[in-house]
Amino acid sequence: MRDVEGSIETLLCYLELHAPHILSNLAPVYATCQLQCYGGPQQLQAVAKKCPPVGVAIARQKLRGERFERASSLTFPVVDISDSMGWDAGPVKRELSRLQWTFDTGGARKSGVLVQFSDLAFHMRTCGDLSDDELDGLVDFLHERVMRQERAELAQLALLGDRLGKVAHKNYWMCANEVDLKRSNALKKYLDDYFDEADEEKDGLVNLSVEEPDACSLGQLTSDIRLFIQTYGGEHILSARSIARVFHGIDSPRFPAAVWGRVRRFWRSHLHVHFHVVLREAGTQLLLLREK
């Protein structure tokens, strides 16, 4: 899950840098509040009259048919409630936390109300009236930005492999007894040049073209993708990238290698086909099956 959260956070940062007037990232917050009143239903009703967010949360749940005559606890989305009232979540949470105490001339003492916050969530401010064209534009920007980053990292990896190959010995024993200063200095020079070059220059130093498979391999790939979707589409949320990762044997939180490595029918079954080709064909088949 950490990888997924990191990916979402990266995309949100891309959007904020691209269109700060549309989206502004805020600090993560706990999105859910749970109140437990040990004084029973009467205490919960008294808290609702004293604290407007609690009253609004109860009113909303009553509209959905829930009853509170005998309820002594309440769980509600505190961020959503705060936003609907036009308040910031921070002050609302502080006010809710104060419900756990009563203050009088003798000082502070526990009130019999337990307040807990849970479900850490992303928090942002964004426009809610974007047109379809504006939403499509943001999606296109994110896709292009992610693909550009992917190409840059692939170019860097390919370039590093190429430079290491130029200074490497054919066998380890050829450099086991003494240091090859000539190759060592050459590697240092390669590394210095690598960090001095711009990403655009690195992209031009390696060939990242996608090799299309022959008709037979492409047909087998398409058939396997369809079978995979039909077999596992009902129990898993599939995406083109998740399918491509399985076919190339790349571990992911949803498809861990320890489990899916046993599914030899699909795991690492198309290593001979370029990853981007598998990604493209998986996306095409998912769209075709969803349209049926």
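**Aromatic rings and a one-sided helix**

Tyr-232 counts as buried, since its relative accessible area is 16% and the cut-off for buried is under 20%. This comes from a predicted model, so it helps to check the confidence first. The mean pLDDT of the chain is 88, with 94% of the residues at 70 or more. Confidence is highest in strand E2 (residues 73–77), at a mean of 95, and drops to its lowest in helix H8 (residues 199–205), at 54.

Back to the rings. A pair of aromatic rings is described by how far apart the centres are and by the angle between the planes. Searching the whole structure turns up 9 aromatic pairs. One of them joins Phe-228 and Trp-260, with 5.9 Å from centre to centre and 50° between the planes, which makes the pair tilted. Phe-228 belongs to helix H9 (residues 215–232) and Trp-260 to helix H11 (residues 257–260), so this pair links distant parts of the chain, 32 residues apart. Both Phe-228 and Trp-260 are buried.

Trp-260 also pairs with Tyr-232. Here the ring centres are 4.8 Å apart and the planes meet at 70°; because an angle over 60 degrees counts as edge-to-face, that is the label for this pair. Since Tyr-232 is in helix H9 and Trp-260 in helix H11, the pair ties together parts that lie 28 residues apart in sequence. Trp-260 itself has a relative accessible area of 6%, so it is buried. Zooming out, ring pairs join Phe-228, Tyr-232, Phe-247, Phe-255, Trp-260 and Phe-266 into a cluster.

Phe-266 has a charged partner as well: the charged end of Arg-265 sits over its ring, 5.3 Å from the centre. Elsewhere, Lys-93 does a similar thing with Phe-117, its charged end sitting over the ring at 5.6 Å from the centre.

Next comes helix H3 (residues 52–63). With 12 residues at 1.5 Å each, H3 should span 16 Å, and the C-alpha atoms at its ends are 17 Å apart, so the two values agree. Which residues of H3 are buried? They are Pro-53, Val-54, Ala-57, Ile-58 and Gln-61. These buried residues cover an arc of only 135° around the axis, so they sit on the same side of H3. An α-helix has 3.6 residues a turn, which means that residues three or four places apart point the same way. The cover over the buried residues of H3 includes strand E1 (23–37), helix H2 (41–50), E2, helix H4 (78–84) and helix H5 (89–98). After H3 comes Gly-65, with a positive phi near 100°.

Notes:
Residues are numbered from 1 along each chain as its sequence is written. This is a predicted model: local features need pLDDT of at least 70, side-chain atom pairs count only at pLDDT 80 or more; totals for chains, interfaces and linings use all residues. Side-chain values use heavy atoms; hydrogens and water are left out. pLDDT is the predictor's confidence in each residue, from 0 to 100. Helices (H or I, at least four residues) and strands (E, at least two) are DSSP runs, numbered from the N terminus. Rings of Phe, Tyr and Trp (its six-membered ring) pair if their centres lie within 6.5 Å; planes under 30 degrees apart count as stacked, over 60 as edge-to-face and the rest as tilted. Buried means under 20% relative accessible area, exposed over 50%, partly exposed in between (1.4 Å probe, protein chains only). A charge sits over a ring if NZ of Lys or CZ of Arg is within 6 Å of the ring centre and within 35 degrees of the ring normal. The expected span of a helix is 1.5 Å times one less than its number of residues. The arc is that of the directions from the helix axis to the C-beta atoms. Contact means heavy atoms within 4.5 Å.
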